[in-house]
Amino acid sequence: MLKGKTVIVTGGSRGIGRAVCEAFAEAGANVALIYAGNEDAANAVVNTLREEGVRASAYRCPVQDYSAVDGTVTKIIEDFGGVDILVNNAGINRDKLLISMKEQDFDDVIAVDLKGAYNLMRRVSPVLVRKRSGKIINISSIAGLDGNAGQTNYSAAKAGLIGLTKSAAKELASRNICVNAIAPGFIETDMTVGLEEAAKAVPLGRMGRPEEVAALAVFLAGADYITGEVIRIDGGL
Ligand code: NAI
């Protein structure tokens with residue numbers, strides 16, 4: 001079903017984003033990977049994807065910068081001939097208790113995790129609207145649903161992403177575009193190094209794997225009658 005489609009994945013150079021790129025390539029989709037800084041890691045992912053026989057390229061782009069996103073998506077459309085699916089996965093955290101959080105910690109997380117997703121959605125949506133089809137998948141977090149001490153900035157951004165998802169789903173439904181969010185719990189990546197102790201609270205008794213989140217993203221990319229949803233993937237938390 002995804003064969004020959006083009007997916008843009010932000011933050012595709014490692015962690016969940018990398019697994020998402022690999023799962024889409026395995027399903028036959030061409031992959032445009034956006035990354036922040038690590039060119040070697042991004043190129044390594046691209047080489048793995050090409051082994052699946054799909055087209056793949058990496059683009060360095062700070063998602064928080066609209067003009068950079070605009071230029072990058074234009075280039076992706078030139079290179080791939082279009083875009084069908086967008087996965088907003090790029091994210092950062094700057095965890096601190098509210099009483100010691102710096103303004104910059106708040107602004108940076110909102111800029112990347114929330115405005116970054118808006119930037120991509122704003123640029124890609126008109127392209128999907130013209131085609132009368134498309135899927136947008138936003139990687140939120142259970143922190144955006146439940147809150148989490150030490151993550152007021154991150155929770156606010158991830159809750160904002162859920163609002164963005166639900167409103168965009170309502171706006172774009174008449175154009176046959178589905179917009180959904182995934183809310184992962186503890187997933188084994190660089191972001192959760194050191195959280196192994198916290199993960200002991202997970203009813204299923206382990207952290208999740210990036211591939212498990214990726215499989216859900218691929219499922220949503222093929223689901224034509226689910227929109228405006230937030231799907232938790234958290235081992236029962
Ligand atoms: P990670 O830190 O391993 O990877 C983040 C990716 O985002 C990297 O590829 C990085 O290059 C990219 N990125 C960061 N800032 C960027 C920017 N300004 N512009 C473009 N790309 C940028 O993180 P991980 O764990 O793979 O997380 C991926 C997403 O899943 C994030 O949005 C995160 O908030 C979310 N998430 C992760 C959970 C976990 O337990 N690991 C749980 C819930 C949500």
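**Figure 1. H4 and H6 each put at least two residues into the wall of the largest cavity.** This is a predicted model, and it has one cavity of 30 Å³ or more. The volume of the largest cavity comes out at about 50 Å³. H4 is the top contributor to its lining, with four residues. The full lining is Thr10, Val63, Asn88, Asn89, Ala90, Val112, Asp113, Gly116, Ala117, Ile139, Lys158 and Leu161. Sorted by class, that's six nonpolar, four polar and two charged residues.

**Figure 2. H4 and H6 also each give at least two residues to the lining of the second largest pocket.** About 200 Å³ of space sits in this pocket. Around it you'll find Tyr118, Met121, Arg122, Ser125, Val129, Leu164, Ser167, Ala168, Glu171 and Leu172. Six of the lining residues are nonpolar, two are polar and two are charged. Keep an eye on Arg122: it lines this pocket, and Arg122 turns up again where H4 meets H3.

**Figure 3. The largest pocket holds about 1,000 Å³ of space.** It has 44 lining residues, and those closest to the pocket centre are Gly91, Ile92, Tyr154, Thr189 and Met191. Which elements give two or more residues to the lining? They are H1, strand E2 (30-35), helix H5 (142-146) and helix H6 (152-172). As for the class make-up, the lining has 21 nonpolar, 18 polar and five charged residues.

**Figure 4. Helix H3 (residues 66-80) packs on helix H4 (residues 103-131).** The angle between the two is about 35°, and their axes lie 9 Å apart. H3 and H4 cross in a right-handed sense. On the H3 side, the residues in contact are Tyr66, Val69, Asp70, Val73, Thr74 and Ile77. H4 answers with Asn119, Leu120, Arg122, Arg123, Val124 and Val127. Broken down by class, this contact between H3 and H4 has seven nonpolar, two polar and three charged residues.

**Figure 5. Helix H1 (residues 15-26) crosses helix H7 (residues 210-221) at roughly 50°.** Their axes come within 8 Å. With that crossing angle, H1 counts as oblique to H7. The crossing is right-handed. H1 brings Gly15, Ile16, Ala19, Val20, Ala23 and Phe24 to the contact. From H7 come Pro210, Glu211, Val213, Ala214, Ala217, Val218 and Ala221. What is the class make-up where H1 touches H7? Eleven residues are nonpolar, one is polar and one is charged.

**Figure 6. H1 packs against helix H2 (residues 39-50) as well.** Here the angle is about 20°, with the axes 9 Å apart. That angle is under 35 degrees, so H1 is roughly parallel to H2. This crossing, too, is right-handed. Arg18, Cys21, Glu22 and Ala25 of H1 touch Val45, Thr48 and Leu49 of H2. In class terms, the contact of H1 with H2 has four nonpolar, one polar and two charged residues. Besides packing on H2, H1 is among the elements that give two or more residues to the lining of the largest pocket.

Notes:
Residues are numbered from 1 along each chain as its sequence is written. This is a predicted model: local features need pLDDT of at least 70, side-chain atom pairs count only at pLDDT 80 or more; totals for chains, interfaces and linings use all residues. Side-chain values use heavy atoms; hydrogens and water are left out. Axes are lines fitted to C-alpha atoms, for helices over the stretch in contact, and angles run from 0 to 180 degrees between N-to-C directions. A crossing is left-handed if the near helix is turned anticlockwise from the far one by less than a right angle, and right-handed if clockwise. Contact means heavy atoms within 4.5 Å. Ala, Val, Leu, Ile, Met, Phe, Trp, Tyr, Cys and Pro count as nonpolar, Asp, Glu, Lys and Arg as charged, and the others, Gly among them, as polar. Angles under 35 degrees count as roughly parallel, over 145 as roughly antiparallel, 65 to 115 as roughly perpendicular and the rest as oblique. On a 1 Å grid over the protein atoms alone, a cavity is a set of points where a 1.4 Å probe fits but cannot get out, and a pocket is an open set with protein on both sides within 12 Å along at least five of seven lines; lining residues have an atom within 4 Å of a point. Grid points are joined across faces, edges and corners, and a volume is the space filled by probe spheres set on the points.
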